[in-house]
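Got a structure on screen and not sure how to read it? Let's go through it feature by feature, as a chat between a learner and a teacher.

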Amino acid sequence: MSVTVRVPAKVNVQLAVGAARPDGFHALANVFLAVSLFDEVTATPAATLTVTCEGPDADRVPLDRTNLAARAAELLAERAGIEPAVHLHIAKSIPVAGGMAGGSADGAAALLACDALWGLNTPRAELLDICAVLGSDVPFSLVGGAALGTGRGELLTPVEAGAFHWVFAVADGGLSTPAVFHEFDRLTAGTAVPEPEASPALLAALASGDPDALAATLANDLQPAALSLRPALADTLAAGTGAGALAALVSGSGPTTAFLVRDEEAAAKVAAALEASGTCRATRVASGPAPGATVLPA
Ligand code: C5P
């Protein structure tokens, strides 16, 4: 018997970053949108905790206890007082270290899969607590849809969202999230970093489903830091807007770049132009909001 959970990637339509807190994390106002790029995590009974991974970037996914899927199984088993005797197989489609919460997604998926496999029926609020221990973006991977994340991003309030079409450009290699926050600190040193706040105009645009309104309000405070570490991303952003994207931004901490487009037809055109531009490794077309981590029927 095994359990498979499907889990979405995310893009931040707003990522407002405040000053570093005493614990080293940054206060955020983080508007998450789940998009239809999915990983699948399958949990199968096994003698010991093991992780395998398949997919184009599988060789860049750690298979040890640093993998958030493995940590999720360990935390849940510890809480239930049982052994994490499970094999976790990750079918990876979300870009690795790409700013789309791929590792967080696998953590949320493994948690839900193990909970079902072990018949624990852990209350949702406790699952969300475990997610927050795993990482700032993990609770959103469980919940999906669209939500405002405050605190370090883990305190979620659902928000309304119409349907939006996106193209994502996958860059060569990844960017380390701590390195990007560190660069944010370096770039903002000596300036007064305002309290992060969700933009009312952005939330209204998101709810309206109007891509022009959303395009005018997309904002990522980590973008200058990601561009500082990866200047070539500016060429990718320009290639997408040159091809007719309504707006372009770095996804989360990058280096994946996100392009908001009017419809599926525009998505195909922008994706083709990005591929032809030679400024990215691959493109992916997706839409959002997408549902959060979901157990697939056996
Ligand atoms: O929460 P998570 O483990 O995903 O965070 C990874 C790293 O990203 C943190 O160690 C920290 O360096 C940075 N981070 C931050 N502020 C946040 C979220 C993450 O500085 N709100």
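What follows is a short dialogue on how to read this structure.

Q: Before we start, what kind of model is this, and how are residues numbered?
A: This is a predicted model, where local features need pLDDT of at least 70, side-chain atom pairs count only at pLDDT 80 or more, and totals for chains, interfaces and linings use all residues. Residues are numbered from 1 along each chain as its sequence is written, and side-chain values use heavy atoms, with hydrogens and water left out.

Q: Which domains does UniProt list?
A: A word on the record to begin with: UniProt positions are given in the numbering used here, feature names are shortened, and annotations may be inferred rather than shown by experiment. An unreviewed UniProt entry lists "domain: GHMP kinase N-terminal" for residues 67-145. For residues 203-277, the unreviewed entry lists "domain: GHMP kinase C-terminal".

Q: How much helix and strand do those two stretches hold?
A: Helices (H or I, at least four residues) and strands (E, at least two) are DSSP runs, numbered from the N terminus. Residues 67-145 are 58% helix and 8% strand, and their end C-alpha atoms sit 24 Å apart. Residues 203-277 are 59% helix and 15% strand, with 33 Å between the end C-alpha atoms.

Q: How do I read the span of a helix, say α2?
A: You compare it with an expected span, which is 1.5 Å times one less than the number of residues. Helix α2 covers residues 102-117, so 16 residues, and its first and last C-alpha atoms are 22 Å apart, close to the 22 Å expected at 1.5 Å a residue. Just after α2 comes Gly119, with a positive phi of about 60°.

Q: Is α2 largely enclosed or exposed, and why?
A: Here we need some cut-offs: buried means under 20% relative accessible area, exposed over 50%, and partly exposed in between (1.4 Å probe, protein chains only). In α2, 14 of the 16 residues are buried, so the helix is largely enclosed by the rest of the structure.

Q: What is special about the phi angles of Ala97 and Ala101?
A: Ala97 has a positive phi of about 50° although it is not a glycine. Ala101 is not a glycine either, and its phi is positive, near 60°. Ala97 lies in the loop between β4 (86-91) and α2, and Ala101 is in the loop between β4 and α2 too. As for cover, Ala97 is partly exposed at 41% relative accessible area, whereas Ala101 is buried at 10%.

Q: Which residues are around the ligand?
A: A residue counts as near a molecule or strand if one of its heavy atoms lies within 4 Å of it. Around the ligand you'll find Gly24, Phe25, His26, Leu28, Gly135, Ser136, Arg152, Thr177, Pro178 and Phe181.

Q: Which ligand atoms do His26, Ser136 and Arg152 lie by?
A: A polar side-chain atom of His26 is 2.7 Å from an oxygen atom of the ligand. For Ser136, a polar side-chain atom lies 2.6 Å from a ligand oxygen atom. With Arg152, a backbone N or O atom lies 2.9 Å from a nitrogen atom of the ligand. The protein covers 73% of the 450 Å² of accessible area that the ligand has on its own (Shrake-Rupley method, 1.4 Å probe; for residues, only the protein chains shown count as cover).

Q: What joins the side chains of Thr42 and Thr4?
A: A polar contact of 2.7 Å joins them. That term means a pair of N or O atoms within 3.5 Å; within protein, one must be able to donate a hydrogen and the other to accept it, and residues adjacent in sequence count only if both atoms are side-chain atoms. Thr42 lies in strand β2 (residues 26-45) and is buried, at 18% relative accessible area.

Q: How many disulfides are there?
A: A disulfide is a covalent bond between the sulfur atoms of two cysteines. The cut-off is a pair of cysteine sulfur atoms within 2.5 Å, and a search of the whole structure finds zero. Take Cys131: the closest cysteine sulfur, in Cys114, is 12 Å from its own, too far for a bond. Cys131 is buried, with a relative accessible area of 0%.

Q: Where are the cis peptide bonds at Pro255 and Pro289?
A: One runs from Gly254 to Pro255, with omega near 5°, and Pro255 lies in the loop between β9 (247-250) and β10 (257-261). Another joins Gly288 and Pro289, with omega about 5°.
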